[in-house]
Amino acid sequence: MERAEKIGFGVASAGHVLLFGILSLGLFARPQPLKLNNPPMDVSIVDKVALESAAPQVATQPPPAAHAPEQGPAEEAKAEPETPAPQPEPTPRPVPKVEAPAPVPKPAPRKPAPEKPVPAKATPKKAQPTKATPPKTATAKGSGQRNKGPLLGPDFLKGIATESPSPSPKPAAPSGAKMSSVAARALNDEISRQIYPRLRLPSGADVEKLVALLEVRLDRSGAVIGTPQVIDVTGVTDSNQPQVNLYKERAVQAVMQASPFQNLPPQYYDQWKWLKPLSVYARKAQ
Amino acid sequence: MRMTAIGTRLTLAALFACMSLPVSAQLSVDVTGDINNDLKIAVPAMPTTQSVATPAGTTGELGAKIAEVIAADLKGSGLFAPSGPYGMRTVGMAEVTAPNYEAWAGYEALVHGFVRSSGGNADLTVGCYLYDIGGKSELTRKGFVVAPADWRRAAHKCADAIYARLSGESPFFDSQIAYIAESGPKDARIKRLAIMDSDGANHRFITNGQSIALTPRFSPDNRSLLYVSYIQQRVRIFVYDVSTHKQRLVTESSNPTFAPRWSPDGRNILFSMAIAGNTDIYRVPASGGKPVRLTTSPGIDVGGSYSPDGTRITFESDRSSTQQIYVMNADGSNQQRISHGGGRYATPEWSPRGDLIAFTKIAGDFHIAVMTPGGDNERILTNGWQDEAPTWSPNGRVLQFFRTSSGKSGASQVWQVDLTGVNARRIPTPLSGSDPAWGPLLP
């Protein structure tokens with residue numbers, strides 16, 4: 001047993017290193033054919049960069065199955081992106097809730113699910129696009145656009161990017177699939193709208209230059225898990241230094257008071273469960 | 001064989017676990033909040049354990065008066081919207097440490113406290129508590145023991161504690177202002193040195209008006225005042241001891257002498273003196289002695305103000321043909337011009353925080369403005385017809401200055417503005433006022 005374990009771990013480690021190397025080298029990256037003659041197309045300008053852009057998605061992405069009403073939050077789908085089983089059956093809503101009883105504190109998926117060796121082959125390919133972190137990072141930096149907290153209704157995502165008439169019900173469609181940039185922006189606005197009225201930022205010289213960057217984790221009910229962490233504060237000057245701690249405190253307070261967040265679409269849980277950075281800007285009051 | 005199978009399975013499992021590691025997506029969210037200049041604070045009257053008589057009134061009366069001063073201080077800062085104490089529900093002693101949050105719905109913060117005394121001239125004990133109503137938590141608490149006559153100081157100290165907790169800034173309410181009280185016609189002004197609390201209370205005159213007093217400055221230990229006195233042709237710089245009411249001569253000259261300033265350690269005094277049309281800045285020991293000349297350029301060099309660490313001095317000079325602001329080392333070396341915007345610049349004052357220099361910007365009208373010691377980020381804070389001679393609050397966040405009206409009287413008043421530039425207000429003085437000088441925070 002011990003020896004087997006050693007061997008197993010040895011091979012596993014080697015496999016990790018190998019895989020990491022391969023992925024780093026981008027050997028699996030498919031060369032993008034260069035197309036110089038792009039036909040004119042409609043462009044809608046959005047100020048946010050989402051996980052993926054809306055337009056090209058339609059062609060390549062497996063449509064997330066049109067049965068919106070019951071699809072529900074595919075439970076823990078994040079832990080098994082390869083899910084060979086066709087579709088999360090139209091299970092009634094409450095099911096996923098029951099399924100996640102304990103591991104509230106960390107959504108960190110640590111379920112290896114070793115019992116499905118076959119699809120593992122296909123997995124790397126699948127996992128890679130999800131892992132396409134670069135666009136996400138770009139999103140994180142954001143456009144610096146300041147939102148005022150628009151007045152959106154609870155159905156603000158209705159009709160956005162979720163619909164896909166494509167008949168081919170491909171297997172994948174994990175719960176938190178991809179969002180269009182428009183949907184991401186709507187989500188941003190909805191969260192922003194709920195925090196805004198709770199923000200009471202301190203006054204002082206140069207306070208409007210401060211930006212607090214928080215990391216917030218949410219559970220499926222929209223409640224903040226633990227306490228939001230302040231990753232960084234930018235725009236600090238000699239003049240606003242005294243307000244920095246207070247600014248952080250007020251930002252965290254506002255997020256906590258807004259918890260649990262309402263109206264967040266469960267099917268996008270994977271997208272909104274981890275808010276990073278949640279950037280808090282200040283605007284001079286009139 | 002079996003071991004190999006297990007090993008393989010483990011390997012695959014590990015590999016699978018690695019490959020299937022769900023890379024959770026992060027969502028970036030931007031929220032813009034308003035800077036809060038109207039935090040609603042309830043300041044009900046402070047209860048007393050037992051109402052007893054003191055020279056300043058009963059402890060019950062003092063509970064209401066202290067709350068009134070706290071509310072006024074907070075309102076005067078421009079950062080808060082305090083209410084009370086009058087018209088508010090009565091608070092019992094038990095509530096002071098266990099507030100009834102529900103009863104204060106509609107407010108964001110709550111000030112509680114108590115006044116206690118054994119009566120007569122015995123000291124007052126004033127408790128001061130600040131609560132966050134939304135969070136139902138205590139934010140700060142302080143206690144002060146003062147003589148009955150100093151009850152206002154206890155109120156200022158309490159307001160300071162609240163201000164510091166809610167704004168992040170250092171306190172400044174419990175401090176004094178010296179200024180020049182002016183009366184009489186424009187061409188025969190009587191100018192007297194006067195001091196008062198930072199809110200205008202406890203006003204008193206220091207000089208009687210026989211001499212013309214100008215440009216006072218509190219010493220760093222707050223015990224004495226430096227000022228210029230003119231009697232006919234005699235120009236003298238005095239240091240007046242506030243507690244003993246005695247003054248001593250620092251320097252006397254038949255040459256025009258003006259704008260004296262303390263060094264941060266209180267050991268030296270800068271002043272400007274004009275000799276044969278050439279005005280320069282001199283340094284003299286506060287205890288008296290031989291002045292040392294720090295500037296030598298032809299023209300007018302005037303009004304040195306030390307950086308808080310005492311290593312540099314900012315001053316005004318017209319050596320480049322118009323009034324501009326310069327910075328030099330404390331020994332007069334390395335003189336550099338830092339103002340480069342349009343218009344003229346005068347009366348620079350280094351912030352006690354060191355981050356900014358305040359000055360009078362002359363561009364058509366006179367404005368109060370600030371910039372960094374490097375000359376960057378110039379910001380105009382006031383928009384009066386003639387605003388001049390800024391002086392910093394002890395925390396370096398608020399400025400007082402005097403504003404002269406454009407009417408025939410040419411009367412001037414002391415005004416205050418904070419660094420955001422949006423909270424300007426007049427400081428009440430019994431007479432017209434000019435040349436305000438803010439003292440350090442009282443101990």
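The following exercises, with worked solutions, concern a helix pair and a sheet in chain B of a predicted model.

**Exercise 1.** Determine how the reach of helix α2 of chain B compares with the span expected at 1.5 Å a residue.

*Solution.* Begin with the extent of the helix: α2(B) covers residues 59-76 and has 18 residues. Next, take its reach from the first C-alpha to the last, which is 25 Å. Finally, set this beside the expected 26 Å; the two values are close. Just beyond the helix, B:Gly78 adopts a positive phi of about 80 degrees.

**Exercise 2.** Classify the packing of α2(B) against helix α4 (residues 151-167) of chain B as parallel, perpendicular or oblique, and identify the residues of α2(B) that make the contact.

*Solution.* Step one is the geometry: the axes of the two helices lie 8 Å apart and meet at an angle of about 45 degrees. Step two applies the cut-offs: angles under 35 degrees count as roughly parallel and those from 65 to 115 as roughly perpendicular. The angle therefore makes α2(B) oblique to α4(B). Step three concerns the contact, to which α2(B) contributes B:Leu62, B:Ile66, B:Val69, B:Ile70, B:Asp73 and B:Leu74. On the α4(B) side, the contact residues include B:Trp151, B:Ala155, B:Cys158 and B:Ile162. Step four is burial: B:Leu62, B:Ile66, B:Val69, B:Ile70, B:Asp73 and B:Leu74 are among the buried residues of α2(B). As to handedness, α2(B) passes α4(B) in a right-handed crossing.

**Exercise 3.** Establish the strand order of the open four-stranded sheet in chain B, and trace its pairings from one edge to the other.

*Solution.* The order is β20-β21-β22-β23, with antiparallel pairing. The edge strands are β20 (301-306) and β23, each of which pairs on one side only.

- From β20(B) to β21(B) there are four bridges, and B:Ser305 faces B:Thr314 in β21(B).
- From β21(B) (residues 312-317) to β22(B) there are six bridges, with B:Arg312 opposite B:Asn329. Six residues separate these strands in their hairpin, where B:Ser321 has a positive phi near 85 degrees.
- From β22(B) to β23(B) (residues 336-337) there are two bridges, and B:Val327 stands opposite B:Gln336. This hairpin also has six residues between its strands, and B:Gly332 in the turn takes a positive phi of about 95 degrees.

**Exercise 4.** Explain why strand β22 (residues 324-329) of chain B is described as largely enclosed by the rest of the structure.

*Solution.* First, apply the criterion: a residue is buried if 20 or more other C-beta atoms lie within 10 Å of its own. Second, count: five of the six residues of β22(B) are buried, so the strand is largely enclosed.

Conventions
Residues numbered from 1 in each chain as written. Chains lettered and ligands numbered in written order. Predicted model: local features only at pLDDT ≥ 70, side-chain atom pairs only at ≥ 80, totals over all residues. Expected span 1.5 Å × (residues − 1). Buried ≥ 20, exposed ≤ 12 C-beta atoms within 10 Å, placed from the backbone. Pairing = 2+ DSSP bridges. Axes fitted to C-alpha atoms, helices over the stretch in contact; angles between N-to-C directions. Parallel < 35°, antiparallel > 145°, perpendicular 65-115°, else oblique. Left-handed = near helix turned anticlockwise from the far one by under 90°. Contact = placed C-beta atoms within 7 Å.
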